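Here's a quick tour of the fold, one neighbourhood at a time. Keep the viewer open and follow along.

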Amino acid sequence: MTDAEWAEVRGLLPVPGWLEGWGGQPEGYCHRQMIDAVRYLVAGGITWRAMPSDFPAWDRVYAFWRRWRDKGWARELHDRLRDRVREAEGRDAEPTAAVIDAQSVKAAASVPAATRGFDGGKKVNGRKRHVVVDTLGLLLTVMVTAASVTDRDAGRSLLARLRHRHWRVTRVWADGGYTGPLVDVARSVWQIALTVVKRSDDASGFTVLPRRWLVERTFAWLMRSRRLARDYEGRTDSAEAMIWWSMSMVMSRRLARQRH
(Lines give C-alpha, C1' and ligand atoms only; values in the text may rest on other atoms or scores of the structure.)
Protein backbone atom coordinates (compact mmCIF):
# COMPACT_ATOMS: atom_id res chain seq x y z
CA MET A 1 0.00 0.00 0.00
CA THR A 2 1.00 3.56 -0.57
CA ASP A 3 1.09 5.90 2.41
CA ALA A 4 -2.15 7.46 1.13
CA GLU A 5 -3.85 4.06 1.09
CA TRP A 6 -2.59 3.18 4.55
CA ALA A 7 -3.96 6.47 5.85
CA GLU A 8 -7.41 5.38 4.63
CA VAL A 9 -7.15 1.79 5.86
CA ARG A 10 -5.50 2.28 9.24
CA GLY A 11 -8.47 3.86 10.98
CA LEU A 12 -10.86 1.17 9.69
CA LEU A 13 -8.97 -1.86 11.01
CA PRO A 14 -10.66 -4.03 13.66
CA VAL A 15 -9.24 -3.23 17.10
CA PRO A 16 -7.21 -6.13 18.61
CA GLY A 17 -8.72 -7.68 21.72
CA TRP A 18 -5.70 -6.94 23.92
CA LEU A 19 -6.15 -3.22 23.28
CA GLU A 20 -9.75 -3.41 24.52
CA GLY A 21 -8.90 -5.33 27.66
CA TRP A 22 -10.07 -8.73 26.43
CA GLY A 23 -6.74 -10.39 27.18
CA GLY A 24 -4.22 -12.01 24.88
CA GLN A 25 -0.79 -10.96 23.78
CA PRO A 26 0.11 -8.12 21.41
CA GLU A 27 0.75 -9.29 17.86
CA GLY A 28 4.38 -9.71 16.90
CA TYR A 29 4.10 -8.19 13.42
CA CYS A 30 3.01 -4.82 12.06
CA HIS A 31 -0.51 -4.85 10.64
CA ARG A 32 0.60 -2.93 7.60
CA GLN A 33 3.22 -5.58 6.79
CA MET A 34 0.70 -8.37 7.15
CA ILE A 35 -1.97 -6.66 5.06
CA ASP A 36 0.59 -5.82 2.38
CA ALA A 37 1.64 -9.48 2.28
CA VAL A 38 -1.94 -10.72 1.88
CA ARG A 39 -2.65 -8.12 -0.81
CA TYR A 40 0.53 -9.17 -2.62
CA LEU A 41 -0.64 -12.79 -2.65
CA VAL A 42 -4.14 -11.90 -3.88
CA ALA A 43 -2.89 -9.54 -6.59
CA GLY A 44 -0.02 -11.73 -7.79
CA GLY A 45 -1.67 -15.12 -7.52
CA ILE A 46 1.35 -16.70 -5.84
CA THR A 47 1.31 -19.66 -3.45
CA TRP A 48 1.67 -19.12 0.27
CA ARG A 49 5.14 -20.69 0.35
CA ALA A 50 6.30 -18.35 -2.43
CA MET A 51 5.90 -15.28 -0.20
CA PRO A 52 8.93 -12.98 -0.80
CA SER A 53 11.45 -12.55 1.99
CA ASP A 54 10.55 -8.85 2.24
CA PHE A 55 7.40 -9.92 4.12
CA PRO A 56 7.08 -11.90 7.35
CA ALA A 57 7.41 -15.69 7.13
CA TRP A 58 4.70 -17.26 4.97
CA ASP A 59 3.24 -19.36 7.79
CA ARG A 60 2.81 -16.24 9.94
CA VAL A 61 1.08 -14.43 7.08
CA TYR A 62 -1.17 -17.45 6.49
CA ALA A 63 -2.04 -17.60 10.20
CA PHE A 64 -2.97 -13.89 10.06
CA TRP A 65 -5.13 -14.40 6.94
CA ARG A 66 -6.81 -17.49 8.41
CA ARG A 67 -7.61 -15.67 11.65
CA TRP A 68 -9.15 -12.78 9.73
CA ARG A 69 -11.18 -15.25 7.64
CA ASP A 70 -12.51 -17.14 10.65
CA LYS A 71 -13.28 -14.02 12.70
CA GLY A 72 -14.96 -12.24 9.78
CA TRP A 73 -12.52 -9.34 9.97
CA ALA A 74 -11.73 -9.38 6.24
CA ARG A 75 -15.38 -8.69 5.53
CA GLU A 76 -15.56 -6.14 8.34
CA LEU A 77 -12.69 -4.14 6.84
CA HIS A 78 -14.26 -4.46 3.39
CA ASP A 79 -17.65 -3.19 4.61
CA ARG A 80 -16.11 -0.20 6.38
CA LEU A 81 -14.23 0.71 3.20
CA ARG A 82 -17.43 0.35 1.16
CA ASP A 83 -19.30 2.68 3.50
CA ARG A 84 -16.48 5.21 3.18
CA VAL A 85 -16.53 4.98 -0.64
CA ARG A 86 -20.30 5.40 -0.81
CA GLU A 87 -20.17 8.46 1.44
CA ALA A 88 -17.35 9.93 -0.67
CA GLU A 89 -19.64 9.53 -3.71
CA GLY A 90 -22.42 11.41 -1.94
CA ARG A 91 -24.48 8.29 -1.21
CA ASP A 92 -25.93 6.96 2.02
CA ALA A 93 -23.79 4.26 3.61
CA GLU A 94 -26.67 1.76 3.38
CA PRO A 95 -27.86 0.99 -0.17
CA THR A 96 -31.50 0.53 -1.18
CA ALA A 97 -31.01 -1.17 -4.57
CA ALA A 98 -28.68 -3.88 -5.84
CA VAL A 99 -27.79 -6.18 -8.74
CA ILE A 100 -27.33 -9.97 -8.51
CA ASP A 101 -25.36 -12.25 -10.83
CA ALA A 102 -22.98 -15.23 -10.86
CA GLN A 103 -19.61 -16.04 -12.44
CA SER A 104 -18.26 -19.54 -13.10
CA VAL A 105 -14.49 -20.06 -12.90
CA LYS A 106 -12.29 -23.08 -13.39
CA ALA A 107 -11.01 -24.83 -10.28
CA ALA A 108 -7.45 -25.93 -9.61
CA ALA A 109 -6.52 -29.45 -8.53
CA SER A 110 -6.45 -28.25 -4.91
CA VAL A 111 -10.25 -27.81 -4.93
CA PRO A 112 -11.95 -30.94 -3.52
CA ALA A 113 -14.58 -32.76 -5.57
CA ALA A 114 -17.22 -32.13 -2.89
CA THR A 115 -17.27 -28.37 -3.58
CA ARG A 116 -16.77 -28.33 -7.35
CA GLY A 117 -19.07 -29.12 -10.24
CA PHE A 118 -19.76 -28.59 -13.94
CA ASP A 119 -21.63 -25.58 -15.28
CA GLY A 120 -23.34 -26.91 -18.40
CA GLY A 121 -24.21 -23.46 -19.70
CA LYS A 122 -20.70 -21.99 -19.48
CA LYS A 123 -18.94 -25.36 -19.98
CA VAL A 124 -16.82 -24.73 -16.87
CA ASN A 125 -15.68 -27.36 -14.39
CA GLY A 126 -15.08 -25.58 -11.11
CA ARG A 127 -16.89 -23.18 -8.82
CA LYS A 128 -19.40 -20.39 -9.13
CA ARG A 129 -19.24 -16.97 -7.44
CA HIS A 130 -22.67 -15.56 -6.63
CA VAL A 131 -22.52 -11.86 -5.81
CA VAL A 132 -24.79 -8.93 -5.04
CA VAL A 133 -23.47 -5.41 -5.71
CA ASP A 134 -24.88 -1.94 -5.14
CA THR A 135 -25.49 0.61 -7.90
CA LEU A 136 -21.84 1.69 -7.73
CA GLY A 137 -20.68 -1.88 -8.37
CA LEU A 138 -19.44 -2.33 -4.80
CA LEU A 139 -19.82 -5.76 -3.24
CA LEU A 140 -22.63 -6.30 -0.72
CA THR A 141 -22.49 -10.06 -0.26
CA VAL A 142 -20.89 -13.09 -1.90
CA MET A 143 -21.36 -16.85 -1.83
CA VAL A 144 -19.13 -19.45 -3.48
CA THR A 145 -20.62 -22.81 -4.51
CA ALA A 146 -19.93 -25.64 -6.91
CA ALA A 147 -20.41 -24.52 -10.51
CA SER A 148 -23.26 -27.03 -10.89
CA VAL A 149 -25.48 -25.04 -8.47
CA THR A 150 -28.05 -23.06 -10.46
CA ASP A 151 -28.53 -19.33 -10.06
CA ARG A 152 -32.09 -19.84 -8.79
CA ASP A 153 -31.07 -22.27 -6.06
CA ALA A 154 -28.17 -20.11 -4.89
CA GLY A 155 -30.30 -16.99 -5.16
CA ARG A 156 -32.43 -17.99 -2.17
CA SER A 157 -29.45 -18.22 0.19
CA LEU A 158 -27.83 -15.14 -1.32
CA LEU A 159 -30.92 -12.95 -0.91
CA ALA A 160 -31.31 -14.22 2.66
CA ARG A 161 -27.75 -13.10 3.39
CA LEU A 162 -28.46 -9.76 1.72
CA ARG A 163 -31.57 -9.17 3.82
CA HIS A 164 -29.72 -10.06 7.02
CA ARG A 165 -26.88 -7.60 6.37
CA HIS A 166 -28.60 -4.89 4.32
CA TRP A 167 -32.22 -4.60 5.40
CA ARG A 168 -32.83 -1.38 3.43
CA VAL A 169 -32.41 -3.04 0.02
CA THR A 170 -35.88 -3.33 -1.54
CA ARG A 171 -35.07 -3.72 -5.26
CA VAL A 172 -32.68 -6.12 -6.95
CA TRP A 173 -32.04 -6.41 -10.69
CA ALA A 174 -31.11 -9.79 -12.18
CA ASP A 175 -30.71 -11.65 -15.48
CA GLY A 176 -32.91 -14.37 -16.93
CA GLY A 177 -31.29 -17.06 -14.79
CA TYR A 178 -33.28 -15.85 -11.78
CA THR A 179 -36.76 -16.08 -13.28
CA GLY A 180 -39.39 -18.41 -11.82
CA PRO A 181 -40.51 -18.95 -8.21
CA LEU A 182 -37.56 -16.94 -6.83
CA VAL A 183 -39.28 -13.69 -7.88
CA ASP A 184 -42.34 -14.51 -5.77
CA VAL A 185 -40.26 -15.81 -2.85
CA ALA A 186 -38.15 -12.63 -2.80
CA ARG A 187 -41.28 -10.48 -2.65
CA SER A 188 -43.18 -12.50 -0.04
CA VAL A 189 -40.34 -13.57 2.28
CA TRP A 190 -37.81 -10.73 2.11
CA GLN A 191 -39.94 -7.87 0.69
CA ILE A 192 -37.50 -7.49 -2.21
CA ALA A 193 -38.71 -6.61 -5.70
CA LEU A 194 -36.60 -8.88 -7.93
CA THR A 195 -36.67 -7.39 -11.43
CA VAL A 196 -35.38 -9.48 -14.33
CA VAL A 197 -33.65 -7.43 -17.04
CA LYS A 198 -33.98 -9.49 -20.20
CA ARG A 199 -32.01 -9.25 -23.39
CA SER A 200 -34.01 -8.16 -26.42
CA ASP A 201 -34.81 -10.92 -28.92
CA ASP A 202 -33.77 -8.57 -31.74
CA ALA A 203 -30.33 -7.86 -30.28
CA SER A 204 -27.31 -9.52 -31.85
CA GLY A 205 -23.76 -9.66 -30.56
CA PHE A 206 -22.64 -7.85 -27.42
CA THR A 207 -25.21 -5.50 -25.91
CA VAL A 208 -24.92 -3.38 -22.77
CA LEU A 209 -27.99 -4.09 -20.65
CA PRO A 210 -29.33 -1.56 -18.13
CA ARG A 211 -28.22 -2.24 -14.54
CA ARG A 212 -26.73 -5.64 -15.38
CA TRP A 213 -23.52 -4.09 -16.69
CA LEU A 214 -22.73 -2.90 -13.15
CA VAL A 215 -22.12 -6.39 -11.83
CA GLU A 216 -20.18 -7.37 -14.96
CA ARG A 217 -17.82 -4.48 -14.27
CA THR A 218 -17.39 -5.76 -10.71
CA PHE A 219 -16.38 -9.17 -12.06
CA ALA A 220 -13.83 -7.40 -14.26
CA TRP A 221 -12.39 -5.66 -11.19
CA LEU A 222 -12.09 -8.99 -9.39
CA MET A 223 -10.35 -10.67 -12.31
CA ARG A 224 -7.51 -8.15 -12.04
CA SER A 225 -6.44 -10.16 -9.00
CA ARG A 226 -4.58 -13.17 -10.36
CA ARG A 227 -5.52 -15.27 -7.35
CA LEU A 228 -9.13 -15.03 -8.57
CA ALA A 229 -8.44 -15.93 -12.21
CA ARG A 230 -8.95 -19.53 -11.09
CA ASP A 231 -10.27 -20.95 -7.82
CA TYR A 232 -7.38 -22.41 -5.80
CA GLU A 233 -8.98 -22.54 -2.36
CA GLY A 234 -9.73 -25.78 -0.54
CA ARG A 235 -12.73 -24.27 1.26
CA THR A 236 -15.53 -22.09 -0.07
CA ASP A 237 -15.22 -19.62 2.82
CA SER A 238 -11.55 -19.21 1.90
CA ALA A 239 -12.59 -18.39 -1.67
CA GLU A 240 -15.06 -15.83 -0.34
CA ALA A 241 -12.35 -14.27 1.84
CA MET A 242 -10.10 -13.83 -1.20
CA ILE A 243 -12.92 -11.92 -2.91
CA TRP A 244 -13.36 -9.63 0.11
CA TRP A 245 -9.62 -8.88 0.08
CA SER A 246 -9.62 -8.18 -3.66
CA MET A 247 -12.50 -5.70 -3.43
CA SER A 248 -10.86 -4.05 -0.42
CA MET A 249 -7.85 -3.32 -2.63
CA VAL A 250 -10.08 -1.76 -5.29
CA MET A 251 -11.77 0.53 -2.78
CA SER A 252 -8.68 1.58 -0.81
CA ARG A 253 -7.02 2.65 -4.05
CA ARG A 254 -10.10 4.58 -5.10
CA LEU A 255 -10.23 6.43 -1.78
CA ALA A 256 -6.53 7.25 -1.96
CA ARG A 257 -6.94 8.75 -5.43
CA GLN A 258 -9.99 10.80 -4.44
CA ARG A 259 -8.61 12.25 -1.22
CA HIS A 260 -4.97 12.82 -2.21
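## Strand β3 and its partners

Let's start in the sheet, where Lys106 has Gly126 of β3 as its bridge partner. Bear in mind as you look around that this is a predicted model. The pairing that holds this bridge is between β1 (residues 97–106) and β3, which run antiparallel over nine bridges. β3 itself covers residues 124–134, and ten of its eleven residues are buried, so the strand is largely enclosed by the rest of the structure.

β3 also pairs with β2 (residues 117–119), again in the antiparallel sense, over three bridges. Here Phe118 finds its bridge partner in Asn125 of β3. These two strands make a hairpin with four residues between them. Look for Lys123 in that turn, which has a positive phi of about 60°.

## On to β4

What comes after β3? β4 (residues 139–146) pairs with β3 in the antiparallel sense, with seven bridges. Two spots are easy to pick out: Arg127 stands opposite Ala146 in β4, and His130 has Met143 of β4 as its bridge partner. The hairpin of β3 and β4 has four residues between the strands, and Gly137 there takes a positive phi near 85°.

How many of the eight residues of β4 are buried? Eight of the eight are, so β4 is largely enclosed by the rest of the structure. As a general point for reading any regular strand, side chains alternate between the two faces of the sheet.

## Helix α1: two sides

Now swing round to α1, which spans residues 3–10 and has Glu5, Trp6, Glu8 and Val9 as its buried residues. Looking down the axis of α1, you'll find these buried residues within an arc of 160°, so they line one face of the helix. The background is simple: an α-helix has 3.6 residues a turn, so residues three or four places apart point the same way.

Which residues of α1 are exposed on the other side? Those are Asp3, Ala7 and Arg10. As for the buried residues of α1, their cover includes α2 (31–44), α4 (73–88) and α8 (236–259).

## Leu13, just past α1

Leu13 sits in the loop between α1 and α2. Is Leu13 buried or exposed? Its relative accessibility is 10%, and buried means under 20%, so Leu13 counts as buried.

Leaving aside residues up to four places away in sequence, Leu13 touches Trp6, His31, Ile35, Trp68, Leu77 and Arg80. One of these, Leu77, is 64 residues from Leu13 in sequence, yet their C-alpha atoms are 6.0 Å apart in space.

## Helices crossing α8

Two helices are worth following to where they meet α8. Take α2 to begin with: the axes of α2 and α8 come within 10 Å and cross at roughly 105°. An angle of 65 to 115 degrees counts as roughly perpendicular, and α2 and α8 are therefore roughly perpendicular to each other. On the α2 side, the contact is made by Ile35, Val38, Arg39, Leu41, Val42 and Ala43. Facing them from α8 are Met242, Trp245, Ser246, Ser248, Met249, Ser252 and Arg253. Sorted by class, the contact of α2 with α8 has eight nonpolar, three polar and two charged residues.

Then there's α3 (residues 58–71), whose axis comes within 10 Å of that of α8 and crosses at roughly 100°. That crossing makes α3 roughly perpendicular to α8. α3 brings Phe64, Trp65, Trp68 and Arg69 to the contact, while α8 brings Asp237, Ser238, Ala241, Met242 and Trp245. The tally for α3 with α8 is six nonpolar, one polar and two charged residues.

## His164, out in the open

For a last stop, find His164 in α5 (residues 151–165). At 67% relative accessibility, His164 counts as exposed. Trp190 lies 26 residues from His164 along the chain, and the C-alpha atoms of the two are separated by 9.5 Å.

Definitions and conventions:
Residues numbered from 1 in each chain as written. Predicted model: local features only at pLDDT ≥ 70, side-chain atom pairs only at ≥ 80, totals over all residues. Heavy atoms only, no water. Buried < 20%, exposed > 50% of the residue type's maximum accessible area, 1.4 Å probe, protein only. Arc of directions from axis to C-beta. Contact = heavy atoms within 4.5 Å. Axes fitted to C-alpha atoms, helices over the stretch in contact; angles between N-to-C directions. Parallel < 35°, antiparallel > 145°, perpendicular 65-115°, else oblique. Nonpolar A, V, L, I, M, F, W, Y, C, P; charged D, E, K, R; others polar. Pairing = 2+ DSSP bridges.
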